[in-house]
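Here's a quick tour of a protein chain, from the overall picture down to a few side chains worth a look. Have the viewer open and follow along.

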Amino acid sequence: MIALVAYLPSEALARTSTSTTHSSPSEPVRTQEITVDLVDGSRGFLCSELVTLEINTDLQANQTTWQVIDPITTFTVAAGGPYFPGFQINITTNFCVPEGCYILKVFDSAGDGMLAGFNGGYQLRNTVDNRRILDNQNNGDFGSLSQITGNAYSFCMPISDVEPIYTSCDKYWWKSGEYIVATPDDDVSAQWVVDGLNSVQSPTTGYEFWIYNPNGGYSFRKFRSHTITDGFGNVGATRACHMKLNNWVVANHIPEHDLMNVRIRPRVLNVNGDWGPTCLFIRNEALAQCPPTKLMDIPGNQYLSCGQFRQFIGGQRVYARPIGGSTQYQWRFRIPAENVEIIRTTNTYILNFPWGIALGDPLLPGKTYEVDVRAFKGGAWCVDPADPDSVWGDICLLTIQIPPAQGGNQNIELERIGGLTIWPNPNQGDQFQLNVTDLPLDAAHLTMELTDLSGKSALIRQIPIQDGTANTIVNLNGQLATGMYLVKFTSGEFRSTQRLVIQR
């Protein structure tokens, strides 16, 4: 439960919790990281929705300001900046708003945004679980003002659980005619009624998809009801989850190559639900014809290989995401610090272990490899035309396990509770999603301890359990060095240990 916080008229509280500065004659770029808890308002009210705004400025942080505005009253409910001249700032501000909708404006007084080369931009998140509300990171070339246009608000609180499914989220090679897919909402699905041989569906029930540029210039909403096929052949309660891209008038088609956000909300009998978290979206017709691949990384997929462990023995294999029409795949295993690089070629998206020495060096037990994959289609390796160096897909880590020792396993034994998921894994050291099911129904909390391989404790958390399930976002804040860690869980008599790999 979130405690209610009262805004007091003309009263503001700001607390700087961390601050680090780096400067030297040989390194003129100075950076500063600041976290601020902010209470600000021009009238008294109660609020329960905690929001986090993270901004990465360019070198002139004194040019950056921002406002969150109530569109009905036009009151400014939170604001920040300008920051320090001559510094590149990463500032994280936490504030609180009542349930409702708001306008977010980010300003640059010089009119050149947050210049390229500084990874400038911003991200708005739900503080409690860190889910993204608006994501404009690394997209700071916006001129004087970054603001969603064409709608009365930028975001609303609270947020729901309706969002693009994993394979529709943060995808950068969409093409017209593809379907973006929402996670089903039980109340929406319940309105799909089959009565004997006839089905009676509500034209006012379904999902509204919102695709927009956070910097302005494009904002389009499309409602997908139970009664409209949208060209999707499978008839049923989840048909409305599928929206066909650009299946509307040309004037409103999604432009290519621009970074977009996509959000979805349910609608039941013409009553809108809350918008869910956002995902990144880029339309790129050329790249979609021959997109990048990587080790299979879809959570829950039976062929999951990214961040996993394998023995280099018969019967073991790894899988890539399949690319339709591809005739070859190449797999690259590297340990950069040891100058190791092993490349294998297959005709399918499956690579079987082991291979004979005549076909290349073996993968060694106890080693963790950086693995990337590329696909061959239409006489060439798939590549982004805008980035000719991007032949290989995203890197995943793969650890080759040491076979069990004679007379007993001398390695670390991983006991597992059913339904334990840490994602993403490997991880960049910022945060991970934790989900544990099948816990005792009477248990109140789960203890999580993260240690390095020497047993040194790096993090301990108490995670609440509800109805036998623990589900939360664990923030690491970049405090862990690259390497492998053990995440240990205890709840009563239950024990589980999971490996977590940090890579950057």
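## The big picture

Of the chain's 504 residues, 47% count as buried. Keep in mind that this is a predicted model. Strands dominate the element count: the secondary structure comes to 38 strands and 2 helices.

Sequence-distant contacts feature heavily here. Taking contacts between residues at least 6 apart in sequence, 67% join residues at least 24 apart. As for the outside, the accessible surface comes to about 24,000 Å², and carbon and sulfur atoms account for 51% of that.

## Two nonpolar cores

The largest nonpolar core has 32 residues, and the ones touching the most other members are Leu53, Trp66, Val68, Phe95, Leu124 and Phe155. Strand E8 (residues 87-97) supplies the largest share of this core, with 5 residues. Apart from it lies another core, this one of 24 residues, including Ala320, Ile323, Val373 and Ala375.

Val68 is a good place to zoom in. Leaving out residues up to four places away in sequence, Val68 touches Phe75, Thr76, Val77, Ala78, Phe95, Tyr102, Ile103, Leu104 and Phe155.

## Rings and charges

How many aromatic pairs does a search of the whole structure find? The count is 15. One of them is Phe376 with Trp381, an edge-to-face pair with 5.0 Å between centres and 75° between the planes. Is Trp381 buried or partly exposed? Its relative accessibility is 21%, and buried means under 20%, so Trp381 counts as partly exposed.

Phe312, Phe333, Phe353, Trp355 and Tyr369 come together as one aromatic cluster. Trp355 also has a charge over its ring: the charged end of Arg344 sits there, 4.9 Å from the centre. Elsewhere, Arg221 lies over the face of Trp210, 4.3 Å from the ring centre.

## A buried serine

Ser146 belongs to strand E12 (residues 145-146). With a relative accessible area of 0%, Ser146 is buried. What does the side chain of Ser146 have for polar company? The side chain of Asn215 makes a polar contact of 2.7 Å with that of Ser146. In addition, the backbone oxygen of Pro214 lies 3.3 Å from a polar atom of the Ser146 side chain.

Looking at contacts in general, and setting aside neighbours within four places in sequence, Ser146 meets Leu104, Lys105, Val106, Tyr122, Asn136, Pro214 and Asn215. Leu104 turns up among the contacts of Val68 too.

Notes:
Residues are numbered from 1 along each chain as its sequence is written. This is a predicted model: local features need pLDDT of at least 70, side-chain atom pairs count only at pLDDT 80 or more; totals for chains, interfaces and linings use all residues. Side-chain values use heavy atoms; hydrogens and water are left out. Rings of Phe, Tyr and Trp (its six-membered ring) pair if their centres lie within 6.5 Å; planes under 30 degrees apart count as stacked, over 60 as edge-to-face and the rest as tilted. Buried means under 20% relative accessible area, exposed over 50%, partly exposed in between (1.4 Å probe, protein chains only). A charge sits over a ring if NZ of Lys or CZ of Arg is within 6 Å of the ring centre and within 35 degrees of the ring normal. Helices (H or I, at least four residues) and strands (E, at least two) are DSSP runs, numbered from the N terminus. Contact means heavy atoms within 4.5 Å. Accessible areas come from the Shrake-Rupley method with a 1.4 Å probe; for residues, only the protein chains shown count as cover. A nonpolar core is a set of buried Ala, Val, Leu, Ile, Met, Phe, Trp, Tyr and Cys residues joined through side-chain atoms within 4.5 Å. A polar contact is a pair of N or O atoms within 3.5 Å; within protein, one must be able to donate a hydrogen and the other to accept it, and residues adjacent in sequence count only if both atoms are side-chain atoms.
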